[in-house]
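Visitor: Please pick one part of this model and walk me through it slowly, starting with the aromatic rings and moving outwards from there. I'd like to know where to look and how far to trust what I see.

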Amino acid sequence: ESRDTMAHIFTMRSLVLYAVLCGGGALVEGVAIARPRLMGPRLGAGLRSASPRGAIRASGGVDFEAAQWSLLTQQHQGFFKGVWTSVDGSGAPLDELEADSAWVTTKGGEELIQVNTYFTGSVRSSCEVCQDSVEGRQLQVGTYSKGKMPGVRLAGRGIAFGPRVTKRGALTAEVGLRDGVSRVRVLFAYEPQYAPTGGGPPTSLELGRVTVIRECLDRTT
């Protein structure tokens, strides 16, 4: 199959996973989360009446926020080394880089901080006994704690972030799945589109970048 076809299939499968985690039926530590019911005179009213928190409380009083926090620390805490491969909306290659992603708890274990280190450039040595040098750029992506995980939802070994709006107006959404010491995440970035006249607010969003993040737990740290 062509690269574009494979990229489309991968994107659609990832979007299905994102929909399941964020809005579909899911399990959180064995507790069912009801699918949102889009009923009632207003869409917003239907969504509010079927929130995951309400569904879990009704099914046995399980603390939803505690269950989400437990899944985050159990499944995604640690130091991960990975390769980030990006394509554009049509599947054409854009760039690839190596990055470390540290998901570590603070003292007392009450917060989890996510810090990414991007290796954006390298200088290779010309002699056999010298070492190559790599430029790294660190960025603190987020800080999470029980009850303070906006835009984050977990189900089993899966995780979903977003949608979020970046400083330059792009809309991003991310899904991830942990499998043993490995983890794969897919980041979707939608760019705002404007009217031909160039004035006014954005009229639509267009998929501009899909980044596949393949990671492995670093057991040496």
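Guide: Let's settle one term before we go in: rings of Phe, Tyr and Trp (for Trp, its six-membered ring) count as a pair if their centres lie within 6.5 Å, and planes over 60 degrees apart make the pair edge-to-face. Keep in mind, too, that this is a predicted model. By that rule the structure holds three aromatic pairs. One of them is Trp84 with Tyr118, which sit edge-to-face at 5.4 Å centre to centre, with 75° between the planes. This pair ties together distant parts of the chain, as Trp84 belongs to strand E3 and Tyr118 to strand E5, 34 residues apart.

Start from the Trp84 side. Strand E3 pairs with E4 in the antiparallel sense, over ten bridges, and Trp84 stands opposite Leu97 in E4. Five residues separate the two strands in their hairpin, where Gly91 has a positive phi near 100°. Most residues other than glycine have a negative phi.

Now go over to Tyr118, which takes us to the largest pocket, with a volume of about 910 Å³. Tyr118 is among the residues closest to the pocket centre, together with Leu139, Thr166, Thr172 and Leu187, out of 32 lining residues. Eight strands each give two or more residues to that lining: E3 (78–87), E4 (93–105), E5 (111–123), E6 (133–145), E8, E9, E10 (182–193) and E11 (204–217). The top contributor is E6, with five residues. By class, the lining has 14 nonpolar, nine polar and nine charged residues.

E8 deserves a longer stop. This strand, residues 158–165, runs antiparallel to E7 (residues 152–155), and four bridges join them. Along that edge, Val152 stands opposite Phe161, while the bridge partner of Arg153 is Ala160. The E7–E8 hairpin has two residues between its strands, and Gly156 in the turn shows a positive phi of about 60°.

On to the pairing of E8 with E9 (residues 171–179), which is also antiparallel and has six bridges. Here Ile159 stands opposite Gly176. Five residues lie between E8 and E9 in their hairpin, and again a turn glycine, Gly169, has a positive phi, about 95°.

There's one more oddity to zoom in on. Pro163 lies within E8, and the peptide bond leading into it from Gly162 is cis, with omega near 5°. Most peptide bonds are trans.

How far should you trust all this? The chain averages a pLDDT of 74, and 66% of the residues score at least 70. Two stretches call for care. Residues 54–60 stay under 50, and the model gives them eight contacts beyond four places in sequence. Residues 123–127 are also below 50, with six contacts beyond near neighbours in sequence. That second stretch includes residue 123, which is also where E5 ends, so to speak a spot to view with care when you trace the strand that carries Tyr118.

Terms used
Residues numbered from 1 in each chain as written. Predicted model: local features only at pLDDT ≥ 70, side-chain atom pairs only at ≥ 80, totals over all residues. Heavy atoms only, no water. Pairing = 2+ DSSP bridges. 1 Å grid on protein atoms, 1.4 Å probe; cavity = no way out; pocket = protein on both sides within 12 Å on 5 of 7 lines; lining within 4 Å. Points joined across faces, edges and corners; volume = space filled by probe spheres on them. Nonpolar A, V, L, I, M, F, W, Y, C, P; charged D, E, K, R; others polar. pLDDT = per-residue confidence, 0-100. Contact = heavy atoms within 4.5 Å. Phe/Tyr/Trp six-rings, centres within 6.5 Å; stacked < 30°, edge-to-face > 60°.
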